[in-house]
Each structure stands twice: as structure tokens, then as C-alpha cells.
Amino acid sequence: MSIFSDSDSTVGLPDPAPSATLLGLAPNASIEPGHREQASTDRSGFVAQTHPDGVVFAESAEDVAATLRLATLHRVPVVPRGAGTGLAGGSSARTGEVVLDVSRMNRILRIDPVEQLAVVQPGVLNAEINAAAGEYGLFYAPDPASTAICSIGGNIATNAGGMRCAKYGVTRESVLALRVILADGRELRTGRETIKGVTGYDLNALIIGSEGTLGVVVEATLRLRPTPVATATVAAFFPDVESAARAASAVVAARIQPSMMELMDGPTLEAVDAATGTDYRSRGAAFLLVQTDGYGAFLEQDVVLEAVRPFAGSCGKAADDDEAAAMVSARRDAIPSLEQMGRVSIGDIGVPRGRLAEAVTGLEEISAATGVRIFTIAHASDGNLHPMIVMDPEDSVTEGPAKDALGQMFFLANRLGGTLTGEHGVGLLKRDWVGAELGDVSVGVQHSIRRALDPLGILNPGKAI
Ligand SMILES: Cc1cc2nc3c(=O)[nH]c(=O)nc-3n(C[C@H](O)[C@H](O)[C@H](O)COP(=O)(O)OP(=O)(O)OC[C@H]3O[C@@H](n4cnc5c(N)ncnc54)[C@H](O)[C@@H]3O)c2cc1C
């Protein structure tokens with residue numbers, strides 16, 4: 001007799017909730033309040049009103065498949081979760097849902113220095129891959145500012161970007177192959193280990209950025225690259241943020257390819273100074289950090305200086321590696337520094353790179369109109385801005401002036417020919433505006449794809465599209 005037959009219900013008592021049945025049978029399941037609370041939100045500023053019914057801590061692909069088979073059988077919505085550092089509410093879960101946490105699947109299975117690839121489980125942290133690859137003179141290029149705390153599974157599910165994407169592309173450009181468990185428990189293999197390969201549709205690209213709505217990534221084959229022989233750094237300070245944005249556009253127009261070009265506005269510099277004891281704000285009202293790398297690093301550095309100088313109050317080459325590292329740290333410290341001031345919601349609109357200055361001005365206008373505090377940093381060479389709303393700890397970004405400001409940001413991005421999300425994903429927070437950007441036909445096609453892979457709507461319902 002099947003363990004799922006009707007006779008499992010105790011006569012005279014109401015049937016248990018479907019999630020309770022799943023949690024009773026799934027491997028490594030927990031209904032501890034602490035686990036449920038932690039899995040109810042991420043780092044997006046979304047305030048959860050309820051908690052999921054439980055968390056399954058998968059330790060293998062078989063655990064994931066078994067959990068999803070149970071979810072399909074009992075019609076239980078499942079929210080995949082990596083490290084929970086997402087900024088769109090994508091891994092947030094509510095009552096009636098079960099979280100499928102893959103953070104314990106955290107082994108690097110293989111590094112092949114000849115083929116320049118790594119095979120990893122989804123819970124491995126981004127920085128751990130780089131540490132392991134570094135021993136072979138290789139690196140994994142996409143480097144979200146959260147590199148030390150985010151998982152590769154989450155990076156793949158959000159098609160994460162980062163600072164080095166300026167030159168090396170986003171996660172999509174560094175994933176060769178995936179093992180994915182579908183909603184019904186079947187295993188799908190996408191991509192291949194070779195650099196080239198075009199047999200069939202590109203299902204790798206379909207899964208990357210699908211925010212846990214099409215399947216759960218249980219293994220990834222990643223492309224590694226040779227560690228650059230040299231890196232050169234330029235730091236420039238500006239009288240205002242519009243000048244910094246214009247300088248960034250000038251670097252792009254100079255037809256070189258920086259490996260990193262990060263912009264920070266004055267209020268963000270102040271926040272970093274306050275949190276870390278630096279004094280960057282005294283040097284200008286905006287900061288641009290530009291790195292070039294490879295054999296031509298120092299030649300390209302001169303081109304950067306020439307492009308930036310007309311706009312800058314001061315600019316110069318980093319004296320040594322320590323000074324360069326300190327400046328990169330300042331950028332990485334921006335979000336944690338703001339988090340000391342209140343609840344932070346980080347936007348990530350993208351605009352054409354020549355329209356950065358207009359975007360920055362538009363954000364200032366939105367802040368003035370809504371009364372919402374907006375701090376801005378940007379991956380300037382991608383036209384990807386991070387307007388960061390800082391609220392009181394008890395406020396949520398899903399209502400009131402903060403939500404209004406968020407909506408205005410998205411319309412600003414679209415008006416400038418851009419997008420509402422460059423790298424964090426739609427998750428829960430940005431769904432209201434997806435239709436306006438994509439249009440009916442695209443939304444309809446995307447729902448058809450979702451239904452084809454997950455007809456019962458088990459995986460991460462209410463997110464992404
Ligand atoms: C300080 C800070 C700085 C950041 N900087 C950047 C940045 O520079 N660039 C950037 O892109 N992001 C950045 N982020 C956002 C975040 O780190 C990324 O979105 C990251 O990719 C999320 O990884 P995670 O493991 O935390 O995923 P989670 O938050 O756990 O999940 C994110 C999404 O992925 C899905 N998911 C997770 N694991 C899997 C899996 N194995 N299979 C299928 N779906 C899965 C979830 O359902 C959810 O939809 C930053 C966040 C913080 C807190």
C-alpha cells in the first residue's frame with residue numbers, strides 16, 4: 001500500500017495540511033520557528049507577514065527530487081532557497097509553502113584546470129569558487145558584491161551580475177551546464193562542458209535567471225578564466241554625481257573595456273565613512289572607481305584617466321595594490337554601511353550607458369518628490385544603477401512612499417530605454433511592473449513555458465513573471 005493512500009489519515013481527525021504531510025515524509029525537514037522565520041524573507045527589505053510551514057534542508061540531488069515528488073503529489077508550493085541574500089523577495093516564503101533550502105549542498109566536486117571549468121553543488125558560495133580556482137591561476141568572473149555570502153545556485157537563478165561583469169559578462173556567460181530537478185522530480189540536464197555546442201534549444205539560458213520557477217539547480221558546470229596578469233586602478237572624485245555619470249559614459253565612449261567601473265554618490269560615501277572610518281566624502285560629492293586588467297591594463301588606465309579628467313575634481317592612479325583593494329572595499333561596504341542606518345531596499349534599474357546622468361538626475365527628482373531617502377551606487381559600465389531606499393526599520397518597501405518611489409524608478413528606467421531589473425531579478429517586489437516592460441505577448445509566452453515545465457504551479461508561485 002502506498003504511504004500516501006487515504007488510509008494515512010487518522011479516522012475522525014481532519015486531514016493534515018498538505019505541507020504537514022510533505023514535511024513528515026521529506027528528508028531533513030524542520031518546522032522549528034527559527035528556521036521558518038529565517039526562510040520568510042531575504043535581504044530585500046520585504047517584511048514578511050507570515051512564515052512558511054517548514055524548511056527542507058536538502059543534502060543531495062536525491063533529497064531535492066524526493067521533496068519535489070512529494071510536493072507534486074500533495075500540491076504543496078515549494079520555494080527554493082540558497083543563501084537568502086536575494087534583493088527581490090525571490091526566496092521569501094509564506095504560510096502554506098515549504099522552503100527547499102539547498103545551502104547544505106555545498107561541495108566543489110571538480111576543478112579541471114585544462115578545460116578551465118569547475119563543477120559545483122548549488123550551495124557553494126561564490127567566493128569559495130574563486131578561492132578554489134585561484135589555486136590553479138584561474139578565477140570565476142561574476143562577482144556580486146555579496147560574493148562572500150551568496151550561493152552559486154542563487155547566482156544562477158537570478159543571473160547575478162557584479163563588478164567584473166563590465167568585461168567578463170554576467171552569470172549566463174559563465175555557466176556551461178546544469179543539472180536541474182523539475183517540479184515533478186525529473187532530472188533535466190542542460191548545456192554541455194564544451195565551450196561551443198548548439199544541439200537543441202538553449203535550455204541553459206532558460207534556467208539561468210528563472211528565479212526558482214522552472215526547476216531547482218542541483219549542480220553547475222562553470223567556466224573559469226585565467227587570472228589577469230595585471231590590474232590597474234583609477235580613482236576619481238567629482239563635484240556632483242551627474243559629472244561622475246558623464247565621466248563613466250566618456251570611458252565607455254573611449255572604446256576600451258574596463259574590468260570594473262563603479263560609481264558612488266555623495267550620501268553613500270558619507271554612509272561608508274561613518275561605518276568604516278574612511279574620509280572619502282571630504283574628497284568629493286561622487287566617486288568613480290575604474291579598473292582595467294590583463295596585459296594592456298596600464299595602457300588602458302591612461303585612456304581612462306584622459307576620459308575622466310575633464311569631469312573630475314581630482315583623479316589619479318592607485319599607488320599600489322593595497323590602495324586599490326581599499327577602494328574596492330569601500331564599494332563593497334556600501335550596502336552593509338547603509339544597512340546600519342535602517343531597512344534598505346536596493347533597486348537595480350538598467351539604462352543605456354549614455355543615459356546614466358539622466359538616470360541619476362531622475363532619481364534625485366524621485367527622492368525629492370516622494371520624500372524617500374535614495375542613495376545611489378552603480379555598475380557604471382553596464383548602465384546598471386542601484387538606487388537604495390533607506391527606510392525606518394519598521395517600514396516595508398511594499399507599501400507607502402517607498403513603494404511609490406520604487407514604481408517611479410521603474411518608469412524612469414523604461415522611459416530612458418532601460419529595464420526595471422539589471423541583475424537582482426523580479427522576485428516578489430517588482431512583479432507589478434513586469435507587464436509594462438515586457439508587454440502582453442512576452443508575458444503570455446513566458447507563462448506558457450512555465451506551465452509546460454510546472455503545470456501545477458508548484459515552484460515559487462507568485463514570483464518572477
Ligand atoms: C550586500 C549585498 C550585495 C549584493 N550585491 C549584488 C551584486 O553586486 N550583484 C547581484 O547580482 N546581486 C547582488 N546581491 C543580491 C544577491 O546576493 C544575489 O541575487 C544572489 O545571486 C542571491 O543568491 P542567494 O544564494 O542568496 O539566493 P537566494 O536569495 O536564496 O535566492 C534568490 C533566488 O534564487 C532562487 N534560488 C536559490 N537557489 C536556487 C537553486 N539552487 N535552484 C533554483 N532556484 C534557486 C530563489 O528561489 C530565489 O528566487 C547583493 C546582496 C547583498 C545582501
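Start with the second largest pocket, which holds about 660 Å³ of space, a pocket being, on a 1 Å grid over the protein atoms alone, an open set of points with protein on both sides within 12 Å along at least five of seven lines, and a volume being the space filled by probe spheres set on points that are joined across faces, edges and corners. The model in your viewer is predicted, and for that reason local features need pLDDT of at least 70 and side-chain atom pairs count only at pLDDT 80 or more, whereas totals for chains, interfaces and linings use all residues. Residues are numbered from 1 along each chain as its sequence is written, and side-chain values use heavy atoms, with hydrogens and water left out.

**Stop 1: the second largest pocket**

Select Gly209, Ser210, Glu211, Gln446 and Ile465, which lie nearest the centre of this pocket among its 27 lining residues, where a lining residue has an atom within 4 Å of a point. Helix H7 (203–207), helix H15 (434–438) and helix H16 (440–453) are the elements that give two or more residues to this lining; helices (H or I, at least four residues) and strands (E, at least two) are DSSP runs numbered from the N terminus. The lining of the second largest pocket divides into 11 nonpolar, 11 polar and 5 charged residues, with Ala, Val, Leu, Ile, Met, Phe, Trp, Tyr, Cys and Pro counted as nonpolar, Asp, Glu, Lys and Arg as charged, and the others, Gly among them, as polar.

Why does the second largest pocket lie between domain 2 and domain 3? Colour 108–226 and 231–423 separately: domain 2 (108–226) and domain 3 (231–423) both give residues to the lining, so the pocket lies between them. These bounds come from an automatic or database domain assignment, which also gives domain 1 (18–101). The centres of domain 1 and domain 3, taken over C-alpha atoms, are separated by 35 Å, and the contact between them takes 6 residues from domain 1 and 9 residues from domain 3, contact meaning heavy atoms within 4.5 Å.

**Stop 2: the largest pocket**

Move next to Thr85, Gly86, Leu87, Cys150 and Thr158, which lie nearest the centre of the largest pocket, itself lined by 50 residues and holding about 870 Å³ of space. To see its walls, show strand E3 (78–81), helix H5 (152–158), strand E10 (216–223), helix H11 (321–332) and helix H12 (334–339), each of which supplies at least two lining residues. Which of these elements gives the largest share of the lining? That share, 5 residues, comes from H5. The lining of the largest pocket comprises 19 nonpolar, 23 polar and 8 charged residues.

**Stop 3: the cavity**

A search of the whole structure finds 1 cavity of 30 Å³ or more, a cavity being a set of grid points where a 1.4 Å probe fits but cannot get out. Select Leu87, Ser345, Ile346, Gly347, Leu406, Phe410, Leu429 and Lys430, which line the largest cavity, whose volume is about 30 Å³. Strand E16 (343–346) and helix H14 (400–415) each supply at least two residues of this lining, which divides into 5 nonpolar, 2 polar and 1 charged.

**Stop 4: Thr370 and Ser396**

Thr370 is in helix H13 (residues 356–370) and is buried, with a relative accessible area of 16%; buried means under 20%, exposed over 50% and partly exposed in between, for a 1.4 Å probe and protein chains only. A polar atom of the Thr370 side chain lies 2.7 Å from the backbone oxygen of Ile366, and the side chain of Thr370 also reaches the backbone nitrogen of Val372 at 3.3 Å. Leaving aside neighbours within four places in sequence, Thr370 is in contact with Pro401, Asp404, Ala405 and Gln408, while its C-alpha atom is separated by 7.9 Å from that of Ala402, 32 residues apart along the chain.

Ser396, in the loop between strand E18 (384–391) and H14, counts as buried at 7% relative accessibility. With the same sequence neighbours left aside, Ser396 is in contact with Gly45, Val47, Met391 and Ala402. The side chain of Ser396 makes a polar contact with the side chain of Thr398 at 2.6 Å, a polar contact being a pair of N or O atoms within 3.5 Å, where within protein one must be able to donate a hydrogen and the other to accept it, and residues adjacent in sequence count only if both atoms are side-chain atoms.

**Stop 5: a loop residue with positive phi**

Finish at Arg75, in the loop between helix H3 (61–74) and E3, where phi is near 55 degrees, a positive value in a residue other than glycine. Arg75 counts as exposed, at 54% relative accessibility.
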